[in-house]
Amino acid sequence: MRLISVAVPVPQLDALTYNVPHAFPALPPIGARVRVPVGARLLVGCVIGHDAVGEPGTETRDVTEILDREPFLPPAIVDLCRWVADYYMAGIGDAIGVAMPPASRRPCGYKTRRVVAATPHGLSTLGSDPGTADHRGLTPRQRDVLAMLAAAAPGLPATVLRSRGASGDVIGRLAARGLVAIRAERDERDPFERAALANVGRDADRALTGEQDAALATLSRLADAGRFQVALLHGVTGSGKTEVYLRLADHVCRLGRQVLLLVPEIALTPSVAALLRSAFGERVAIQHSALSDGERHDQWQRIRRGDVDVVVGTRSAVFAPLARPGLIIVDEEHDSSYKQEDAPRYHGRDVAIVRAKAEGALVVLGSATPSLESYQNAAAGKYTRVTIERRVLDRPLADVRLVNMREEYAEQGPDVIVSHALAAAIEDRLARRDQVVVLLNRRGYSTAVFCRQCGDTFECLNCSVSLTVHRARAGWRARCHYCNSSMDVPRACRKCAAPYLEQAGFGTEKVEQRLVELFPGARVRRIDRDSVRRRGALTAMLSKFAAGEVDILVGTQMIAKGHDFPRVTLVGVISADIGLGLADFRAAERTFQLLTQVAGRAGRGERAGEAIVQTLYPEHYSIQVACRQDYAAFFGRELAYRRSMRYPPVVALINAVVRGRTFADAMDAATTLVRDLDAAAARVPFIVLGPAPAPLGRLRGEHRVQFFLKGTRRAEMRRALREALAAYPHLRKRVTIDVDPLNVL
Ligand code: ADP
Ligand code: ZN
């Protein structure tokens, strides 16, 4: 028997063992794709090892097809996936799945497009006299299409013809008569087209500031060493970190190695991608999930072929198949979107560090508000700290002013959304033709509906959360932000039929409406997940804002970070405390980061900026230090709190959520696991907290109970959890494990 280990695309499954029959002369290499039987199905898996051993007493099945003779995934990436599966306690198939380009499980991964060309017969028909037999039967539409094709020798994509009014029907008829031919062509579209290329204003020759120069010198020196190291680039907002990245990237490329630049969210990618494109031309690839499958696949293939030196992308780009990465930059390293909230629940920044270690590369973690984890590592000397304390051209940081909303409510009643101070400041900017950004980190119109007569509230039928009301074309729609189920908001109460339904709380939609009422002459636009659902909508809106076609941009955290709009001189924060109410030990850190980042959007041009922060808790330390933009003060205070409570980064956490059809089901299963874990914890030093109802007690119709493992020895904590789960295999599917959780729900 010739046995191999194969990762198959089945959730939570470990590697499976298969035999390679002698009909295949050679063993498939690690990283090659193979077709294998799994149950009654044939699936495409990836070879991850040649060291497999058969299970005694079970039959080892045969590989049915070998799809690659060379590794499809580079072996280094296979190793990285094995680490991810082990560390995050995910199935190997889940981990390999994030590294594979979409469509790679289909034999032909290329996206094709249909191209239509006129045949010689079609051309001669066109040339013929309208009176002759050959011409008979051509409708004017068909004749137009033929004429279009005659003018475009190799043919036109079907999509282009359609956009010029030629229906599929017309083309089909022409094809049936042999007048046109349709061929499938590999479609390698250029996703950079959509990037905001027009808005790139980079002067590659401009002089660096003294601090940028010093940072670049230090980082270049680290890169020259050509071995694994981590640097934390702590630079205030507007300090010109991007320019440092670009020059460092160029330096590393000249050393003959490649560069990976990770950015948190797609909202930030268009402009960064465009900057890289202008700096590195064709040698750049882009990887993120908002690309079409075909685009993503094409970009992946370009990287795999070695056609690119620089890859920019969101968290999964950390698995990009670069052969010799010498530099991995994690921009805005504190950003929570680096954590994947589905299996495998990996953290892109942490995987980047593991990858760099294996490849002997330099990691640069960049942020104005580093995560506590990274800052502590830098303070402990594990990372090299590089700081930029001033903005470029000595521009001052935005002045931050607090507005106590309790006073505002006392004066004007509880329905105030925009305070006097903020309204006056907006008025002033509009008069000066400056731009304004208004943040509220909560989407929708209102956050709750209730009956004033009987008190009935609108909760999701599947989840223990209240529904958010959105304004739809047809009326009011209440939607669950967890399971996405929705219903029309009726005119009368469902329980008591009283016509006194009231909406409470507010989100971005209502803020937008309020601003339009207050400033009728202003052009107000909104950016949140609802408004930019359509592909390209976000880039389009950001470009409009950059071009000065919008005066006030309202939005969620999507508008808070990264963007560089020099004409923004005012940032308003509608409600700074949203995150503080959560029973989450990271609440203060998140609030501090969000406020510092959004204040960082103001005053990036020639005129100084100001931020006005509305809050109910002006004395809260995370709001106070964010006002002063004093990271060191925040870090000291927050770390002391984490120490006293024994929270990360002082200890490690693993979260397990157990689901059940009833609460008792979930609680019983969790109790069983916790009993075993308590026994294990008596031998190794960690503690088990719980089980207890999860904060989101019901989700998508299932009840949820959670427990935590807390300690400093992650490997032993994982081992104990793995053993407990192995003892109850029937529970495995009902348990979600999150190692180093960021959001606990
Ligand atoms: P950060 O990412 O640190 O918040 P950016 O990289 O977005 O800051 O840079 C802020 C602004 O400063 C950008 O408009 C950028 O083009 C500009 N900039 C960067 N470096 C310089 C420099 N050396 N001289 C002048 N302007 C610069
Ligand atoms: Zn729901």
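Me: Helices here are DSSP runs of H or I of at least four residues, numbered from the N terminus. Which residue, with a positive phi, follows helix 18?

Reply: This is a predicted model. Helix 18 spans residues 621-628. Right after helix 18 comes a residue whose phi is positive, near 50°. That residue is Gln-629.

Me: How many of the eight residues of helix 18 are buried?

Reply: Buried means under 20% relative accessible area. In helix 18, the residues Tyr-621, Ser-622, Ile-623, Val-625, Ala-626 and Cys-627 are buried. Helix 18 is thus mostly covered, and the count of buried residues among its eight is six.

Me: Which elements do the buried residues of helix 18 pack against?

Reply: Two strands and two helices share the job. The strands are strand 17 (399-404) and strand 27 (610-615). The helices are helix 17 (587-599) and helix 19 (631-645).

Me: Is Ser-622 buried or exposed?

Reply: Ser-622 sits in helix 18. Residues up to four places away in sequence aside, Ser-622 touches Leu-580, Ala-588, Thr-591 and Phe-592. The relative accessibility of Ser-622 is 0%, so Ser-622 counts as buried.

Me: Which charged residue lies over the face of Tyr-621?

Reply: Tyr-621 is one of the buried residues of helix 18. A residue lies over the face of the Tyr-621 ring, at 4.2 Å from the ring centre. That residue is Arg-637.

Me: And which ring does the charged end of Arg-442 sit over?

Reply: For a charge to sit over a ring, the CZ atom of Arg must be within 6 Å of the ring centre. The charged end of Arg-442 is 5.6 Å from the centre of its ring partner. That partner is Phe-506.

Me: Which residues form one aromatic cluster?

Reply: The structure holds 15 aromatic pairs. One cluster of rings is made of two tyrosines and three phenylalanines. Its members are Tyr-375, Phe-592, Tyr-631, Phe-634 and Phe-635.

Me: What kind of aromatic pair do Tyr-87 and Tyr-88 form?

Reply: Planes over 60 degrees apart count as edge-to-face. The rings of Tyr-87 and Tyr-88 lie 4.8 Å apart, centre to centre, with 75° between the planes. So the pair counts as edge-to-face.

Me: Are Tyr-87 and Tyr-88 buried or exposed?

Reply: The cut-off for buried is under 20% relative accessible area. Tyr-87 is at 13%, so it counts as buried. Tyr-88 is at 2%, so Tyr-88 also counts as buried.

Me: How many residues apart are Phe-319 and Tyr-346?

Reply: Phe-319 and Tyr-346 form an edge-to-face pair, 5.4 Å centre to centre and 80° between the planes. Phe-319 is in the loop between strand 13 (310-313) and strand 14 (325-331). Tyr-346 is in the loop between strand 14 and helix 11 (348-359). The pair thus links distant parts of the chain, at a separation in residues of 27.

Me: What is the relative accessibility of Tyr-346?

Reply: Its ring partner, Phe-319, is buried, with a relative accessible area of 2%. Tyr-346 counts as buried too, because its relative accessibility is 0%.

Me: How are helix 3 and helix 4 oriented to each other?

Reply: The axes of helix 3 (residues 120-127) and helix 4 (residues 140-150) come within 10 Å. They cross at roughly 115°. Angles of 65 to 115 degrees fall in one class. Helix 3 and helix 4 are therefore roughly perpendicular.

Me: Which residues of helix 3 and helix 4 make the contact?

Reply: The crossing of helix 3 and helix 4 is left-handed. On the side of helix 3, the contact is made by Gly-122, Leu-123 and Leu-126. On the side of helix 4, it is made by Arg-143, Leu-146, Ala-147 and Ala-150.

Me: Is Leu-393 buried or exposed?

Reply: Leu-393 is in the loop between strand 16 (384-388) and strand 17. Its phi is positive, near 55°, and Leu-393 is not a glycine. At 64% relative accessibility, Leu-393 counts as exposed.

Me: Is Asp-740 buried or exposed?

Reply: Asp-740 lies in the segment after strand 31 (735-739). Phi of Asp-740 is positive, about 55°, though it is not a glycine. At 17% relative accessibility, Asp-740 counts as buried.

Me: What is omega for the cis peptide bond that joins Gly-690 and Pro-691?

Reply: Pro-691 lies in strand 29 (residues 686-699). The bond from Gly-690 to Pro-691 is cis, with omega about 5°.

Definitions and conventions. Residues numbered from 1 in each chain as written. Chains lettered and ligands numbered in written order. Predicted model: local features only at pLDDT ≥ 70, side-chain atom pairs only at ≥ 80, totals over all residues. Heavy atoms only, no water. Phe/Tyr/Trp six-rings, centres within 6.5 Å; stacked < 30°, edge-to-face > 60°. Buried < 20%, exposed > 50% of the residue type's maximum accessible area, 1.4 Å probe, protein only. Lys NZ or Arg CZ within 6 Å of the ring centre and 35° of its normal. Axes fitted to C-alpha atoms, helices over the stretch in contact; angles between N-to-C directions. Parallel < 35°, antiparallel > 145°, perpendicular 65-115°, else oblique. Left-handed = near helix turned anticlockwise from the far one by under 90°. Contact = heavy atoms within 4.5 Å.
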